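Subject: Structure for your review

Dear colleague,

Please find below the sequence and structure that I am handing over to you. My findings on side-chain interactions follow directly after them.

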Amino acid sequence: MQTVNLGIVAHVDAGKTSLTERLLHATGAIERLGSVDAGTTRTDSGEIERRRGITIRSAVAAFDVRDRQVNLLDTPGHSDFVAEVERALGVLDAAVLVLSAVEGVQPHSRRLMRILRSLRLPTLIFVNKIDRVGARVDELVADVRRLLTPAVAPLGTVRAPGTPGATFRTDQPRYDASAAHRLAEVLAEHDDELLAALVDDLPPDPHRIDLALRAQTAAGQVHPLLFGSALSGVGVPELLDAVATLLPASPPAEPEPRARVFALERDPTGERVAYLRSYGGRLRARQPVTAYRREPDGRITATRARIVRLDVVGATTDRPQPAALTAGSIARVTGLTGVRLGDQLGSPAGLDGRAHFPAPTLEAVVRPRDPDRALALHAALLDLADADPFIRTRVAPDGGTSVLLYGEVQREVLAATLAETYGIEVDFGPGRLMHVERPVGAGSAVEIIGHGFSGTVGFRVEPGSGVDYRLAVELGSLPLSFHRAIEEATRAALDQGRHGWPVTDIRVTLTHSGYWSPITTAGHFRDLAPHVLMRALAEAGTRVFEPCRRFEAEVPADRLGPVTAYLGRLGARIDSADEIAAGWRIGGVLPTRLEPEAQRRLPDLSSGEGLWSSAPGGDRPVVGDPPGRPRTDGNPFDRVEYLRFLAQRR
């Protein structure tokens, strides 16, 4: 039996989890149809997910369709939980992007499709909620072509959209000449035979259309589009047929063993459970394995672990649990203590470390209501960071702990998780936007041994990409432990630059080194490196950048001028203004700090008819005096105090 690892991705509230439930029910994987509103769906199993009615963690469920086992990954739709989607993308063979026929193409949908296309991941598009009032068909297809991809192939016809009796019927190119011609126009972009038939005004060969549709879908060149309703079940059989016939199965097994950790959770007993997707080899219970990890600095490290229990997803009474995890399959595994998300077992191949979504930009201070539980809180946050690498913690000199988050919903969920899973009641301070610093030039500094220091350290800093640490000294000029101490202290110091913000897009080169044996210790270098680094940064100079949002505003036709004029005065950069049926769609970039004001003013400027949506939009230089990063107690950042704090933590 073939295996397909299929992800369901969508903007929040497009009906993704309801569609997952309908697919499982239609294929007999579950007996009763669950409800998101009632908290009875198969994949939203966490108490917080059931209570809030949203997906927080990616969940795996399996069903069979024809000769295939489909491992279905239901991913979060809310943009606060994009880290879960990030991890799922790395283990998928194909995806279904769910859109709402009412809300249409939304900002997160565009971001998802852009990433799916860049990965060349075979993707079906399913337009849900065709039975809802306000459902659109032709206009939505035009929006998909304009905003998502021109390479979209509608596979059928919707009748009575926007009514409870809405239906969807797939076209048959073999019998419907107009349907064959429409598909051939899309497929001819990558098929010379179909292109020649169109140029010569000949009827396209239906068999050739079938072959081209399968081949181009599998290659991620074209995206079949289907319609339906997860609540009524309309269009679900057609979607299942497309999954069975158009999407490719998992590729052949690789020669070397390799499996990726893409999800971590805790079972009811508190034991850590890792989800693995295998690409080759065989993994069994009680087997020792090597876990490989790409560190933030690009190094690949390896640790040893042992599998205790291994359960392959999809086992049933008719298909007993296999003895080993093989290529293409997914398993729940226990015993891998110390293994983190993104690690790979057996081989480091494919650990590219690329991020498809932007890092979080909201920093919030979290404190336990019981001050005696401060250490327990920090330990809990570190544990949660293993399950979500985007949750980054910072312990400040004043003893407070801050976390990086995507938004308010994630903060509420994190507070509930700390209370229910770890028994720690916490309070969050107000969120503040994270800025970054970048060097604007080159700078150097050096401290020579004997001038009040027990070691020599010299740095040259200059613009780069990410945080790039290099050596211009011989590796043997220092013991390896001293080199590690310098690099670790340097990276820690870059968490707070001249204005207190993290420094990025910088190349740091160690230009001088020296020590006294046996007097000098690694601690001396941990003390010295941040001081020298800050002097080099002061010579180079840094500039502070603030986060931005890429927005879309839909306004009536007669309000285009007033709205664009206001946004320009506010500080937005207008990139586009497209005419749509309801008026105009304005696109651009705006500093995140100004977005609440723009949202507040839009109803007045648009006669109450304006619609606003946005997504992360990079950053831009701060104009005027740059803001300093406050400490977790709200006081101004003190660089001298911070350097002293780094020295004390060694």
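There are 33 salt bridges in this structure, which is a predicted model. One of them joins the side chains of Glu-103 and Arg-132, with 3.8 Å from N to O. Glu-103 belongs to the loop between β4 (94–100) and α4 (107–118), and Arg-132 to the loop between β5 (123–128) and α5 (138–148), so this pair ties together parts 29 residues apart in sequence. Glu-103 is partly exposed, at a relative accessible area of 37%, and Arg-132 is likewise partly exposed, at 34%.

A second salt bridge connects Glu-552 with Arg-110; here the closest N and O atoms are 1.8 Å apart. The two residues come from distant parts of the chain: Glu-552 sits in strand β27 (residues 542–555) and Arg-110 in helix α4, 442 residues apart. Glu-552 has a relative accessible area of 16% and is therefore buried, the limit being under 20%. Arg-110 is partly exposed, with a relative accessible area of 25%.

Strand β27 also holds Arg-550, whereas Asp-575 lies in strand β28 (residues 573–580), so the pair ties together parts that are 25 residues apart in sequence. Their side chains meet in a salt bridge of 3.1 Å, N to O. Arg-550 is partly exposed, its relative accessible area being 42%; Asp-575, at 39% relative accessibility, also counts as partly exposed. In addition, Arg-136, Glu-139, Asp-143, Arg-146 and Asp-578 are joined into one network by salt bridges that share partners.

Turning to the aromatic residues, a search of the whole structure gives five aromatic pairs. Phe-168 and Phe-227 make up a tilted pair, at 6.0 Å centre to centre and with 45° between the planes. This pair links distant parts of the chain, with Phe-168 in strand β8 (residues 167–170) and Phe-227 in strand β9 (residues 223–227), 59 residues apart. Phe-168 is buried, at a relative accessible area of 6%, and Phe-227 is buried at 2%.

Phe-482 and Tyr-515 form an edge-to-face pair, with 5.5 Å between the centres and 85° between the planes. Because Phe-482 lies in helix α12 (residues 480–493) and Tyr-515 in strand β26 (residues 506–515), the pair ties together parts 33 residues apart in sequence. Phe-482 counts as buried at 9% relative accessibility, while Tyr-515 is partly exposed, with a relative accessible area of 34%. Together with Phe-525, these two residues form one aromatic cluster.

Phe-227 deserves a second mention in connection with the nonpolar core. The largest nonpolar core has 84 residues, of which Leu-6, Leu-23 and Phe-227 touch the most other members. Beyond its neighbours within four places in sequence, Phe-227 is in contact with ten residues' worth of partners listed here: Phe-126, Val-127, Ile-130, Arg-136, Val-137, Val-141, Val-158, Phe-168, Val-234 and Gly-235. Another core, of 26 residues, lies apart from this one; among its members are Tyr-469, Ile-486, Leu-494 and Leu-533.

Finally, the surface carries a nonpolar patch formed by Leu-471, Leu-475 and Leu-480, which together have about 270 Å² of accessible area. Leu-471 is located in strand β25 (residues 467–471) and counts as partly exposed, at 37% relative accessibility.

Yours sincerely

Notes:
Residues numbered from 1 in each chain as written. Predicted model: local features only at pLDDT ≥ 70, side-chain atom pairs only at ≥ 80, totals over all residues. Heavy atoms only, no water. Core = buried A, V, L, I, M, F, W, Y, C linked by side-chain atoms within 4.5 Å. Buried < 20%, exposed > 50% of the residue type's maximum accessible area, 1.4 Å probe, protein only. Contact = heavy atoms within 4.5 Å. Patch = residues over 30% accessible without salt bridge, like charges linked within 9 Å, V, L, I, M, F, W, Y side chains within 5 Å. Areas by Shrake-Rupley, 256 points an atom, 1.4 Å probe, with all protein chains shown as cover. Salt bridge = Lys/Arg side-chain N within 4 Å of Asp/Glu carboxyl O. Helix = DSSP H or I, 4+ residues; strand = E, 2+ residues; numbered from the N terminus. Phe/Tyr/Trp six-rings, centres within 6.5 Å; stacked < 30°, edge-to-face > 60°.
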